[in-house]
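Subject: Handover of the model

Hello,

Here is the structure I promised to pass on. Please open it first, then read my notes below.

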Amino acid sequence: MANDIKKVVLAYSGGLDTSIILKWLQETYNCEVVTFTADLGQGEELEPARKKAEMFGIKDIRIEDLREEFVRDFVFPMFRANTVYEGQYLLGTSIARPLIAKRLVEIAQETGADAISHGATGKGNDQVRFELTANALDPSIKVIAPWREWDLRSRTALLNYAEKNQIPIAKDKRGEAPFSVDANLLHTSSEGMVLEDPAIPAPDYVAQRTVDPEKAPNEPEIITIGFEKGDPVSVNGVKLSPAALLTKLNELGGKHGVGRLDLVENRFVGMKSRGLYETPGGTILLAAHRGIESITLDRGEAHLKDELMPKYAELIYNGFWFAPEREMLQAAIDHTQRYVTGEVTVKLYKGSANVIARSSPNSLYSMDLVTFEEGAVAYDHKDAAGFIRLNGLRLKTWAARNKKADN
């Protein structure tokens, strides 16, 4: 019941929708609201969010720089698994939600709040991600999802509510926005409006973080990424913190048009959606990580990792970051990264990021075994005959049965 809620922690961006939600919470629940704004590297000035919150009479305003935690504790563990959803999506939005929800819950516990609130709509995945995280971290916390409660069903209704309550409306918000953007240090996601019809190519102006590959520099750029135990630690020999490293790779990749993806994906809630995603640094990182793993992982563990990855990706996409099965898979993945140390050289050129060299003190690659010259390691070519004979035995039996049955 509304009367049971005395204090709510709201995930607050300072934009029109969450400003309307803030006012709606005050009116509907007659409660105190604590605002929480996370800096995940979205590249926007966050102080205006503080000013807007003050305008609503908010006394407890939280603005936190979570960039290092985001990359270190969420992005990097995910990339140890070479995670892609449905073969293409690097999960830039998905991986940010559990961190935001985690802080919402922690702030609620710190301030004695009864509930948390978010601005995710009833059609998307984010509502699931926020609320499953809350369930896992504090089963007693209540979650208020205004989009599932209020009767403001259209953009016009939202604008009318804003005007009635003297909520500032940016001029471009008075018309239909051409698309919506969600950004963090890992990626930029553009969806809706001009992007809704998957049969129509995305307009050039949608891209936020990458240049058009056709307009990228005509000369390739060669970079070297250093890894320690599966995580990147340096670019071109310069040690960098997790957030600084991803920022650097974003800058390099964006300049060369790396990491654009026009995707139609299957949402967890049951519908398909189309978006334009830009993940320049992540695309470079995925290629480089696979490059260093190619010489440091045994075939068996590398192949098993690739079998586990789609399940791991689906868990993150569907909001189960804090679920026991994700943590179980993470333990297995992290175990494989003990010797994933070394350097990878990547060529960036007009939308591509290709590994061209890799080295490691822990390399399993043996020049003596693969050379076409006489190797120092005892490898008898004749051994292959028995290997093939044993593996072919069942095929011979199968073929003979089929020939007899078909006659």
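D126 sits in helix 5. Keep in mind throughout that this is a predicted model.

**Around D126 and R129**

D126 counts as buried, at 17% relative accessibility. Beyond its neighbours within four places in sequence, D126 is in contact with T93, R97 and A120. One of these partners also pairs through its side chain: D126 and R97 are joined by a polar contact of 2.9 Å.

A second arginine meets the same aspartate: the side chains of R129 and D126 make a polar contact at 2.8 Å. R129 is in helix 5 too. Is R129 buried or exposed? R129 counts as buried because its relative accessibility is 4%, under the 20% cut-off. Its side chain also reaches the backbone oxygen of Y317, at 2.8 Å. Leaving out residues up to four places away in sequence, R129 touches T93, S94, R97, I316, Y317, N318 and G319. So T93 and R97 appear in the contact lists of both D126 and R129.

**N125 and the record**

UniProt has an unreviewed entry that places a "binding site" feature at T121, N125 and D126. N125 lies in the loop between strand 4 (115–117) and helix 5 (126–137). N125 counts as buried, at 7% relative accessibility. Which residues does N125 contact, leaving aside neighbours within four places in sequence? They are E265, R267, F268, V269 and Y317. Y317 is also on the contact list of R129.

**L91**

Y317 turns up once more, in contact with L91. The other contacts of L91, leaving aside neighbours within four places, are M78, T83, Y85, L186, A313 and I316. L91 lies in the loop between helix 3 (67–80) and helix 4 (97–111). L91 is buried, with a relative accessible area of 0%. Look at L186 in particular. L91 and L186 are 95 residues apart along the chain. Their C-alpha atoms are separated by 8.7 Å.

**The N-terminal annotated stretch**

The unreviewed UniProt entry also places "binding site" at A11, Y12, S13, G14, G15, L16, D17, T18, S19, A38 and G119. I looked at two of these positions, G15 and T18.

G15 lies in the loop between strand 1 (7–11) and helix 1 (16–29). G15 is partly exposed, with a relative accessible area of 26%.

T18 is in helix 1. T18 counts as buried, at 10% relative accessibility. The T18 side chain reaches the backbone nitrogen of G14 at 3.4 Å. Not counting residues up to four places away in sequence, T18 touches L10, A11, Y12 and S13. A11, Y12 and S13 are among the annotated positions as well.

**Helix 8 against helix 9**

How do these two helices cross? The axes of helix 8 (residues 242–255) and helix 9 (residues 280–296) come within 7 Å. They cross at roughly 100 degrees. That makes helix 8 roughly perpendicular to helix 9, because angles of 65 to 115 degrees count as such. On the helix 8 side, the contact is made by L246, L249, N250, G253 and G254. Helix 9 contributes P280, G281, G282, I284 and L285. The residues of this contact divide into five nonpolar, five polar and no charged.

**Two backbone points to check**

Which residues other than glycine have a positive phi? M193 is one, with phi of about 50 degrees. M193 lies in the loop between strand 7 (188–191) and strand 8 (221–228). M193 is partly exposed, with a relative accessible area of 40%.

K229 is another: its phi is positive, near 50 degrees, and K229 is not a glycine. K229 lies in the loop between strand 8 and strand 9 (231–235). K229 counts as exposed, because its relative accessibility is 58% and the cut-off is over 50%.

**Where to start**

I would open the view on R129. Its side chain makes a polar contact with the side chain of D126 and reaches the backbone oxygen of Y317. From Y317, go on to N125 and L91, which both contact Y317.

Best wishes

Definitions and conventions:
Residues numbered from 1 in each chain as written. Predicted model: local features only at pLDDT ≥ 70, side-chain atom pairs only at ≥ 80, totals over all residues. Heavy atoms only, no water. Axes fitted to C-alpha atoms, helices over the stretch in contact; angles between N-to-C directions. Helix = DSSP H or I, 4+ residues; strand = E, 2+ residues; numbered from the N terminus. Parallel < 35°, antiparallel > 145°, perpendicular 65-115°, else oblique. Contact = heavy atoms within 4.5 Å. Nonpolar A, V, L, I, M, F, W, Y, C, P; charged D, E, K, R; others polar. UniProt positions renumbered as here; feature names shortened; annotations may be inferred. Buried < 20%, exposed > 50% of the residue type's maximum accessible area, 1.4 Å probe, protein only. Polar contact = N/O pair within 3.5 Å; in protein donor to acceptor, adjacent residues only side chain to side chain.
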